[in-house]
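Please open the model in a viewer and keep the sequence panel at hand. The stops below each begin with a selection and then describe what is found there.

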Amino acid sequence: MKGLAPSSMRREFDATKNELARSQGEVARLEERCRMLEKTLKETREMLRARDTELEKMRREREKERMIAERRRSDLGPQTQLPLPPRDLQSRHSSLDMRRTGSPLSTGRSTPTEQERALFLAGSEEERARIRSTELYMTRTDSWSGAQVLQAVHDINSEILQFAASATEICTFDRASRHSSARSVQAMHDTSSRLGPNLSRILSNRDHSQDPILVQLALQGCVSMCITRALSSFCMGFSSKSDTVISQIYSRIALAEAQSTSSKWRALAHRQIHNTHPHLAEQAMNDLCDTILRWSADIFTIAGCLSYENGASSSKDGLRLRFGDQVRRIATSVSRLARVTREEIMSTCFDVIAVSTNASFDPSGMSDAFGDYVTSHGAILATTELGLRCTTRLRGSEPLEAHDDVTLEQRTILQPKVVLESVLDALDPR
């Protein structure tokens, strides 16, 4: 050390310090990855436990159906041969398939003779084809739990809030800049038809230069409306006429058949549409991004936005330049949620919901975003956070030609959050 010059010692010290900093950063990164893997492992174990529970439940139900069928045959006497019901045939065939794939419900393995016997009992080529076509879905359970779907909606609400807050924060507003240009008139007309005349009038009459919170709430309502409109279709991005026909068919099947049957049909139809049109998902996301940016630009126009802090204009192209990636993430999350709820959920039907501005405020079905600050009153201005509802056809409802006696259970898992006219009392306290 004595032979080293101070400059050399400093260089070595700096190099050692940099190496230590890199090592500490690497350790922090590995610790974060370890925590993430532990969380993923925990979620996977919970999912496996849920699937095991569902499989055990299915096994008990099928065993009960088999016993009922055996009792019916014994009641008819040994001289009479009772044809096997199709549901019993499906249950037996499904059990054979589960043993063949090594399901934990059975320790044995099916042999070709057992499988051939199950198909032989079907009695006809049509019945055999039907059994084979449903084989994939007979032992299938939900890929996502209700808690995971709920979390996905929460995540989308968070992304909407981040976009609305970021866009509003960097925008410069000037009430004097509003003028009756053709663009402003058209933006006012379009926004009124989308979000209602009350919110449009408030946005155009107030000065947002000091507190643009109303613009942020309007943006949240705008994006929420775009998302619910996209998710209300059977298949996002599909042509409206074809989508209407398929939606009507699915509605009929959901009323006339068991929940599992309608869910299987929904999953197969949705998947085959995307297989037939491989670029449909990408097109749907592009359309959703374009709609969000166009509607948002109209809101900024009637609110008197001059420009953003980077000099970009408040037009749709200016928004895309500044927030295109953020809006794209929202569209991607919505597209993934649409695929999961259509193809991966068999036990129920999930719907993302918002509240129409023409509806009256109902505390049992929605919540006031400013209810903790002022008394809720007045018309609904916008839905700032999406809700979630599930609809299930109860087991007791048998397939019917008429729909009078079908029992549907609807539960609101997450209430949508709305803004009422009473928000003005919180912003302008007397």
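The tour below moves from the nonpolar cores to a cavity, a pocket and several salt bridges. Please bear in mind throughout that this is a predicted model.

**The largest nonpolar core**

Begin by selecting Ile 227 and Phe 300. Within the largest nonpolar core, which has 63 residues, these two touch the most other members. Next, colour helix α11, residues 280-303; this helix gives the core its largest share, twelve residues. In general terms, nonpolar side chains in soluble globular proteins tend to be buried together.

Return to Ile 227 and display its surroundings. Which residues is Ile 227 in contact with, leaving aside its neighbours within four places in sequence? They are Ile 156, Ile 160, Leu 288, Ile 330, Val 334 and Leu 386. Another core, of eight residues, lies apart from the largest one; Phe 234, Cys 235, Ala 269 and Cys 349 are among its members.

**The cavity**

Now select Leu 199, Leu 214, Leu 217, Ala 218, Leu 381, Ala 382, Thr 384 and Val 419. Together they line the largest cavity. The count of cavities of 30 Å³ or more comes to one, and the space inside the largest cavity is about 40 Å³. Highlight helix α8 (213-231) and strand β5 (380-385), since each of these elements supplies at least two residues of the lining. What classes of residue make up this lining? Seven are nonpolar, one is polar and none is charged.

**The second largest pocket**

Select Tyr 250, Cys 349, Phe 350, Asp 351 and Thr 391 next. Of the 25 residues that line the second largest pocket, these lie nearest its centre. The volume of this pocket is about 600 Å³. To see where the walls come from, colour α9 (240-256), α10 (259-276), α12, β3 (349-353), β6 (387-393) and β7 (408-414), the elements that each give two or more residues to the lining. By class, eleven lining residues are nonpolar, nine are polar and five are charged. Cys 349, one of the residues nearest the centre of this pocket, also belongs to the core of eight residues.

Helix α9 holds a further residue to select, Ala 256. Is Ala 256 buried or exposed? Its relative accessibility is 10%, so Ala 256 counts as buried. Add Val 406 to the selection: 150 residues separate Ala 256 and Val 406 in sequence, yet their C-alpha atoms are 7.9 Å apart in space.

**Salt bridges**

How many salt bridges does the structure hold? There are eleven, and three of them are visited here in turn.

Select Asp 190 and Arg 194. Their side chains form a salt bridge with an N to O distance of 3.9 Å. Both residues belong to helix α6 (residues 182-195), where they are four residues apart, about one turn of the helix. Asp 190 has 19% relative accessibility and counts as buried; Arg 194, at 17%, also counts as buried.

Move on to Asp 290 and Arg 320, whose side chains meet in a salt bridge at 3.2 Å, N to O. Asp 290 sits in helix α11 and Arg 320 in helix α12 (residues 316-344), so this pair ties together parts that are 30 residues apart in sequence. Asp 290 is partly exposed at 23% relative accessibility, and Arg 320 is partly exposed at 34%.

Then select Glu 385 and Lys 417, a salt bridge in which the closest N and O atoms are 4.0 Å apart. Here the partners come from strands: Glu 385 is in β5 and Lys 417 in β8 (residues 417-420), so the pair ties together parts 32 residues apart in sequence. Glu 385 is partly exposed, with a relative accessible area of 28%, and Lys 417 is partly exposed at 28% relative accessibility.

Finish this stop with Arg 271, Arg 339, Glu 343 and Glu 344, which are joined into one network by salt bridges that share partners.

**A last stop at Ser 200**

Finally, select Ser 200 in helix α7 (residues 197-205). Its relative accessibility is 0%, so Ser 200 counts as buried. Show its contacts as well: beyond residues up to four places away in sequence, Ser 200 touches Met 188, Thr 191, Ser 192 and Ile 302.

Definitions and conventions
Residues are numbered from 1 along each chain as its sequence is written. This is a predicted model: local features need pLDDT of at least 70, side-chain atom pairs count only at pLDDT 80 or more; totals for chains, interfaces and linings use all residues. Side-chain values use heavy atoms; hydrogens and water are left out. A nonpolar core is a set of buried Ala, Val, Leu, Ile, Met, Phe, Trp, Tyr and Cys residues joined through side-chain atoms within 4.5 Å. Buried means under 20% relative accessible area, exposed over 50%, partly exposed in between (1.4 Å probe, protein chains only). Contact means heavy atoms within 4.5 Å. On a 1 Å grid over the protein atoms alone, a cavity is a set of points where a 1.4 Å probe fits but cannot get out, and a pocket is an open set with protein on both sides within 12 Å along at least five of seven lines; lining residues have an atom within 4 Å of a point. Grid points are joined across faces, edges and corners, and a volume is the space filled by probe spheres set on the points. Ala, Val, Leu, Ile, Met, Phe, Trp, Tyr, Cys and Pro count as nonpolar, Asp, Glu, Lys and Arg as charged, and the others, Gly among them, as polar.
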